[in-house]
Amino acid sequence: MGKDYYSILGVQKTASADEIKKAYRRLAHEHHPDKGGDGQKFKDINDAYQVLGDSNKRAQYDRFGSAAFEQGGMGAGGFSGSPFGAGGFNVNFEDFGDLGDILGGMFGFGGKHRQKRGQDIQVDVTLDFKEAVFGADKIVKLYKHDACSECAGSGAAKGSKNISCKNCGGRGFVNRVQKSFFGAIQQQVICEECMGKGEKPEQPCNTCKGFGIMKIMKEIKVNIPAGISENEAMRMAGEGEHPGVGGQPGDLIIRIRIKRDPNFTREGNDILSIVHIPYSLMALGGKIQVDTVDGPVELKVPEATQAGTVFKLRGKGVPYMRSSGRGDHLITIEAKVEKKLSREQKQALERLREQGL
Ligand SMILES: [Zn+2]
Ligand SMILES: [Zn+2]
């Protein structure tokens, strides 16, 4: 039992090519994930149009149903280029260049009709030690291409109507024959002239000359979660370079750097520090104040504490990013030897030496 592409597009089986195209445009606009639409629904709409929008495939579909066109079937690539759903595995055939086109076409991951995608932008954000522990809001300044503010990225002057694209005859794609080790493969590739829309504004926008983009300085607030580690990367979808009319912006990739701290170091989710205390305190025991990322904490040093002893302050370490709770703070005790001693102090130490201490 396959999918009913006609009902997905809400048209009759007898609908004309023009009616199908209009229904598709309206639905794709309505359900676009960038505008808060449902990704799966949007994909279904695109899948349906891939077939019904092509007279040969439509005829095949009318005879055999959708089975031949679905994932794993013969051709009829699904729509790609847009990351549907967060966190899902995303095959980016752009990375494979022409081979990606071929594989994409063969395995139904798109390759044709795909949207042009802008470049990702990578930036480093440097945090203080404590900012990495507790999280921080950081402002990233980017000088990048964004949608033109005058035409909102459409590339059209105000009030200009759209005319059919001459390059592709209004289809939005052109045929291309590609030689590969599988033999010659005919493919439909997105029309560069109209970016797959099939139409162009009669009067291009004056500000962006019809490209739909402009270079701007943009400040982006980045919410860095508590417990992030050095070299970890965060991805902000759609904050990369905008490629222009009909395209989809790339992502912003933020790589985390963490400044060294004079007192603390990190080992996973544990924080380490060394505290130097007088020999007499190690021998006799007592209370000391130690610095933690939460502020000073009192630590009881027992009698006869040896140099190198490690005390654990539970839950005073770095928060876990993927679960609740925190690591520990491990304090290593070392002896503090004063550089300058008074006469009385020296005499007192001499007496200890006489006793073999
Ligand atoms: Zn513009
Ligand atoms: Zn075109």
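How many buried residues does helix 8 have among its twelve residues? The count is zero, so to speak a helix that is hardly covered. Keep in mind that this is a predicted model. Here's a quick tour of the chain as a whole, a three-stranded sheet, a run of strands further along, and then helix 8 again.

**The chain overall**
- The chain has eight helices and 15 strands.
- Of its 357 residues, 26% are buried.
- Take the contacts with a separation of 6 or more: 66% of them come from residues 24 or more positions apart.

**The sheet with order 1-9-8**
- Strands 1, 9 and 8 line up in that order to make an open sheet, and the pairing is mixed.
- Strand 1 (121–127) and strand 8 (233–236) sit at the edges, each pairing on one side only.
- Going from one strand to the next, the twist averages 25 degrees.
- Strand 8 pairs with strand 9 (residues 252–258) in the antiparallel sense, and four bridges hold that pairing.
- If you want a spot to look at, try M236, whose bridge partner in strand 9 is L252.

**Strands 10, 11 and 15**
- A quick reminder before the details: strands of a sheet pair through backbone hydrogen bonds, and they can do that either parallel or antiparallel.
- Strand 10 (residues 265–267) and strand 11 (residues 270–278) go antiparallel, joined by three bridges.
- Within that pair, R266 faces I271 of strand 11 as its opposite number.
- The two strands form a hairpin with two residues between them.
- In the turn of that hairpin, G268 has a positive phi of about 65 degrees.
- Strand 11 also pairs with strand 15 (residues 329–336), this time parallel, through eight bridges.
- One place to check that parallel pairing is S273, which stands opposite I331 in strand 15.

**Back to helix 8**
- Helix 8 covers residues 343–354, which makes twelve residues.
- Why do the ends of helix 8 lie about where you'd expect? At 1.5 Å a residue the helix should span 16 Å, and its end C-alpha atoms are 17 Å apart, so the two figures agree.
- Just after the helix comes G356, with a positive phi of about 80 degrees.
- As for cover, none of the twelve residues in helix 8 counts as buried.

Notes:
Residues are numbered from 1 along each chain as its sequence is written. Chains are lettered from A and ligands numbered from 1 in the order in which they are written. This is a predicted model: local features need pLDDT of at least 70, side-chain atom pairs count only at pLDDT 80 or more; totals for chains, interfaces and linings use all residues. Two strands pair if DSSP finds at least two bridges between them. Axes are lines fitted to C-alpha atoms, for helices over the stretch in contact, and angles run from 0 to 180 degrees between N-to-C directions. The expected span of a helix is 1.5 Å times one less than its number of residues. A residue is buried if 20 or more other C-beta atoms lie within 10 Å of its own, exposed if 12 or fewer, and partly exposed in between; C-beta atoms are placed from the backbone. Two residues are in contact if their C-beta atoms, placed from the backbone, lie within 7 Å.
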